[in-house]
Amino acid sequence: NHKIIGGTAAKLVSVAMGQNTMAILHFKTCLWDTCATEALIHAKGGKVTDLFGFPLSHAHNRSEDNVFGVVASSGEEHMARIHDELCAKMRADTKSVNKIFGKWMGNVDRKSIPQAVDLARDLDGLPLSLSWLQQQIRGDDDDDNLSLKGYSIPESGAWRGMMSNGCRVMLNWENNDSNNTNPPPPSSAFYKRVVMSDLSHARAKLRNAPHKLTRDVKSYQVETAFLTSHACQNGLRNEAGVRVNRVYGADLRPAKDGS
């Protein structure tokens, strides 16, 4: 049955209290509308994401409200599956994806391929921007004739794991100088995202085995420090010829001890 209930908080509380099994909200709710009610739904075993499957972000650096909509489902076992199916259908709707995410992803032909727009997000929960990607990949390269026109994130190159998520970002470059002889930039890059608070398995581990979660966080820090080091990228990769992935950049924001 479909019910019309006024107010963002009232809709979400009705899901938390079991009065309704799902709530779908528009693109103009505010972060303060969803912060406390999201916690209630999680406490009841439910789920809250945007319409494309990304957990709501209440990061202090967040500059946008819930501009990607909100969908909340109750803790009933079958509702998690329905929730995920709804979000998958939204990601497969390329017309909606282009309209909503176009200002971040650019205008490129995505050929009606489902897009993993729930994974290509920065640490504040916003889609990766063209300027950020170009800066990470090209750094201080001053070739003004080469620019990133857009990107796509095919669902076929994405994975959603227990302790991390990742996707293949297909890059569409525009060369405004036909005489440019510089080596072309990569046609794709792999993006790995680990935000513990966004991962249900990590949240469960925080309750049941916090010492293991602390170990996991430190291991990710060690891994990132090694892969981004000069010794790895120049010494092992370039000089010794060891097959190590090229790392274009990293954004580490570990929580302070005691927080």
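## A tour from strand β1 outward

Select M22 and S73: S73 in strand β3 is the bridge partner of M22. Keep in mind that you are looking at a predicted model.

**Stop 1: strand β1.** Now select residues 22-25, which form β1. Which of its side chains are buried? Those of A23 and L25, which point to one face. M22 and I24 point to the other face and are not buried. This fits a general pattern: in a regular strand the side chains alternate between the two faces of the sheet.

**Stop 2: the sheet.** Add β3, residues 70-73. β1 and β3 pair in the antiparallel sense, over four bridges. Next, add β2, residues 47-49. β2 pairs with β3 over three bridges, also in the antiparallel sense. To see one of these contacts, pick T49; its bridge partner in β3 is V71. In what order do the three strands lie? The order is β1-β3-β2, and the sheet is open. β1 and β2 are the edge strands, each pairing on one side only. On average, neighbouring strands here are turned by 5° against each other, direction ignored.

**Stop 3: helices on the sheet.** Show α1. This helix packs on the sheet and touches β1 and β3. The direction of α1 makes about 160° with that of β1. Then show α3, residues 77-92. α3 lies across β1, β2 and β3, and runs at about 160° to β3.

**Stop 4: inside α1.** Zoom in on S14, which sits in helix α1. Is S14 buried or exposed? Its relative accessible area is 4%. The cut-off for buried is under 20%, so S14 counts as buried. Leaving out residues up to four places away in sequence, S14 touches I5, Q19 and N20.

**Stop 5: α1 against α2.** Select residues 8-16 for α1 and 31-43 for α2. Their axes are 9 Å apart, and the helices pack at an angle of about 5°. Angles under 35 degrees count as roughly parallel, and α1 and α2 are therefore roughly parallel to each other. On the α1 side, colour T8, A9, L12, V13, V15 and A16. On the α2 side, colour D33, T34, T37, L40 and I41. By class, this contact has seven nonpolar, three polar and one charged residues.

**Stop 6: the cores.** Move to the largest nonpolar core, which has 28 residues. Which members touch the most other members? Select F52, Y151, I153 and L171. Several elements each supply at least two residues of this core, among them α3, α4 (94-105) and β6 (165-175). Stay on I153 for a moment. Its contacts include M105, P114, V117 and C167, with residues up to four places away in sequence not counted. Another core, of 10 residues, lies apart from the largest one. Among its members are V15, A23, V70 and A72.

**Stop 7: α6 and α7.** Finish with residues 200-208, helix α6, and residues 210-227, helix α7. Their axes come within 6 Å and cross at roughly 130°. That makes α6 oblique to α7. Colour A202, K205, L206, R207 and N208 in α6; they meet P210, K212, L213, R215 and D216 in α7. How do the residues of this contact divide by class? There are four nonpolar, one polar and five charged.

Note on methods. Residues numbered from 1 in each chain as written. Predicted model: local features only at pLDDT ≥ 70, side-chain atom pairs only at ≥ 80, totals over all residues. Heavy atoms only, no water. Axes fitted to C-alpha atoms, helices over the stretch in contact; angles between N-to-C directions. Parallel < 35°, antiparallel > 145°, perpendicular 65-115°, else oblique. Contact = heavy atoms within 4.5 Å. Nonpolar A, V, L, I, M, F, W, Y, C, P; charged D, E, K, R; others polar. Core = buried A, V, L, I, M, F, W, Y, C linked by side-chain atoms within 4.5 Å. Buried < 20%, exposed > 50% of the residue type's maximum accessible area, 1.4 Å probe, protein only. Pairing = 2+ DSSP bridges.
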